[in-house]
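Here is a friendly walk through one protein chain, for reading alongside the sequence and the coordinates. Please keep the viewer open as we go.

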Amino acid sequence: MSRICARLIMGATIALAVAGFAGPSSAQTKLKWAHVYETSEPYHTQALWAAEEIKKRTAGRYEIGVFPASQLGNENQINEGLGLGTVDIIYTGTSFAGSIHKPLAISGAPFMMRDFNHWKAYRDSKLFRDIAKGYEDRTKHKIVALTYYGERMVTANKAITKPEDMKGMKLRVPPAPLYLMFAKSVGANATPIAFAEVYLALQQKTVDGQENPLPTIMAKKFYEVQTHVMLTGHIIESLLSIVGATTWAKLSDADKKVFEEVLAQAAAKASDEIRASEQKTADQLRQLGKTVVQVDREAFRKAAMALHNDASAGAGWSKAEYDALQALK
């Protein structure tokens with residue numbers, strides 16, 4: 001009897017040891033990916049694709065839930081959540097991340113980028129990786145990809161063709177420092193409002209206008225409460241895909257490679273979709289009865305460039321970084 005008991009105990013011990021060894025490698029880790037964009041937008045649909053692709057490539061070890069439309073907080077809150085560990089992955093604008101490491105916001109300054117090709121050159125450059133590393137060294141978060149957000153355009157209930165037309169205008173801008181540079185360059189009164197609250201602010205005339213890429217203006221239905229769309233193209237905006245420090249530190253080297261590859265692929269696909277979408281959105285807005293206005297972009301550009309290296313206007317990069325960006329082809 002004692003011999004049988006001994007065998008049973010030994011067998012149970014071996015089974016527990018095997019279970020303990022196998023457990024961590026096969027256990028599923030659940031992660032939260034937060035952003036402020038609508039479910040119809042490419043950022044969200046590509047995040048869903050990336051979540052499924054990561055799950056597939058890691059044999060189901062990572063289950064990523066994607067939370068759109070500010071479900072887990074506005075942009076400032078999800079950036080804070082990354083540090084607190086309450087979210088694991090976020091999309092965030094460069095200006096928001098730039099409030100932590102100022103050079104990261106350089107691409108989001110008004111008329112800093114010449115065009116889409118200039119943006120792509122920056123995305124693929126050593127300059128971008130060097131600037132990103134400054135943020136990573138400070139926060140221990142990992143910047144995995146850069147996604148094209150589009151050319152930002154102004155909407156209002158009047159026609160605007162030159163900078164002077166915006167003097168004194170109450171312009172909604174995102175609550176991040178660098179957006180104030182554009183407002184300052186045209187003499188507008190910058191009014192920071194969270195993204196989820198913009199439609200109501202326009203509807204109630206708390207502000208006179210706002211600025212966002214055309215696909216976002218469509219997705220958020222800002223055209224319902226604004227009559228004019230000005231093709232200023234004043235900022236070529238980007239979103240960063242960032243994995244939080246706690247989550248990144250727990251990934252094996254192999255899993256880090258999977259996350260980097262998949263999130264970069266998702267960013268590239270979303271970028272192409274947004275670029276294609278913004279090419280046709282102006283006509284869609286015209287069909288909806290909106291007045292689409294061609295502005296004097298050179299006048300807007302000159303007004304903004306005067307502030308490009310003005311620290312009091314939000315510039316937080318070195319002259320060397322500025323010159324390196326302008327030299328990219």
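In which strand does K32 lie? K32 belongs to strand β1, which spans residues 29–34.

## Confidence in the model

Before going further, note that this is a predicted model. The mean pLDDT of the protein chain is 92, and 92% of its residues reach 70 or more. Residues 1–25 are another matter: their pLDDT is below 50, and beyond near neighbours in sequence the stretch has one contact in the model. Where pLDDT is low, the predicted coordinates should not be read in detail.

## Around K32

Back to the residue in strand β1. With a relative accessibility of 38%, K32 counts as partly exposed. Setting aside neighbours within four places in sequence, K32 is in contact with G65, F67, L72, T86, V87, D88 and I89.

One of these contacts, D88, is worth picking out on screen. K32 and D88 are 56 residues apart along the chain, while 5.2 Å separates their C-alpha atoms.

## The nonpolar cores

Next, the interior. The largest nonpolar core has 79 residues, and those with the most contacts inside it are W33, Y122, F259 and W317. Helix α11 (residues 253–287) supplies the largest share of this core, eight residues.

F259 makes a good place to centre the view. Not counting residues up to four places away in sequence, F259 touches L31, I54, Y62, I64, I89, V144, W248 and L251. I89 is thus a link between two parts of this tour, as I89 is also among the contacts of K32. Apart from the largest core lies another, of 21 residues, with F96, F182, F300 and A304 among them.

## A β-α-β unit

Now follow the chain through β5, helix α7 (residues 179–186) and β6: together they make a right-handed β-α-β unit. The two strands, β5 (residues 170–173) and β6 (residues 189–192), run parallel and are joined by four bridges. For one of the paired positions, look at V173, whose bridge partner in β6 is P192. Helix α7 also covers the position of F182, a residue listed in the 21-residue core.

## Salt bridges

How many salt bridges does a search of the whole structure find? The search gives 20. Three pairs show a range of settings. E63 forms a salt bridge with K55, their closest N and O atoms being 3.0 Å apart. Both partners are partly exposed: E63 has a relative accessible area of 28%, and K55 has 27% relative accessibility. In the pair of E136 and R129, the side chains meet at 3.0 Å, N to O. Here E136 is buried, with a relative accessible area of 12%, whereas R129 is partly exposed at 32%.

The third pair is D137 and K133, whose side chains meet at 2.9 Å, N to O. Why might these two be within reach of each other along the chain? D137 and K133 are four residues apart in helix α6 (residues 126–139), so about one helical turn separates them. D137 is partly exposed at 43% relative accessibility, and K133 is partly exposed with a relative accessible area of 46%. Elsewhere, salt bridges that share partners join E53, K56, R57 and E261 into one network.

Methods: Residues are numbered from 1 along each chain as its sequence is written. This is a predicted model: local features need pLDDT of at least 70, side-chain atom pairs count only at pLDDT 80 or more; totals for chains, interfaces and linings use all residues. Side-chain values use heavy atoms; hydrogens and water are left out. Two strands pair if DSSP finds at least two bridges between them. A crossover is right-handed if, with the strands pointing away from the viewer, the path from the first strand over the helix to the second runs clockwise. A salt bridge is a side-chain nitrogen of Lys or Arg within 4 Å of a carboxyl oxygen of Asp or Glu. Buried means under 20% relative accessible area, exposed over 50%, partly exposed in between (1.4 Å probe, protein chains only). Contact means heavy atoms within 4.5 Å. pLDDT is the predictor's confidence in each residue, from 0 to 100. A nonpolar core is a set of buried Ala, Val, Leu, Ile, Met, Phe, Trp, Tyr and Cys residues joined through side-chain atoms within 4.5 Å.
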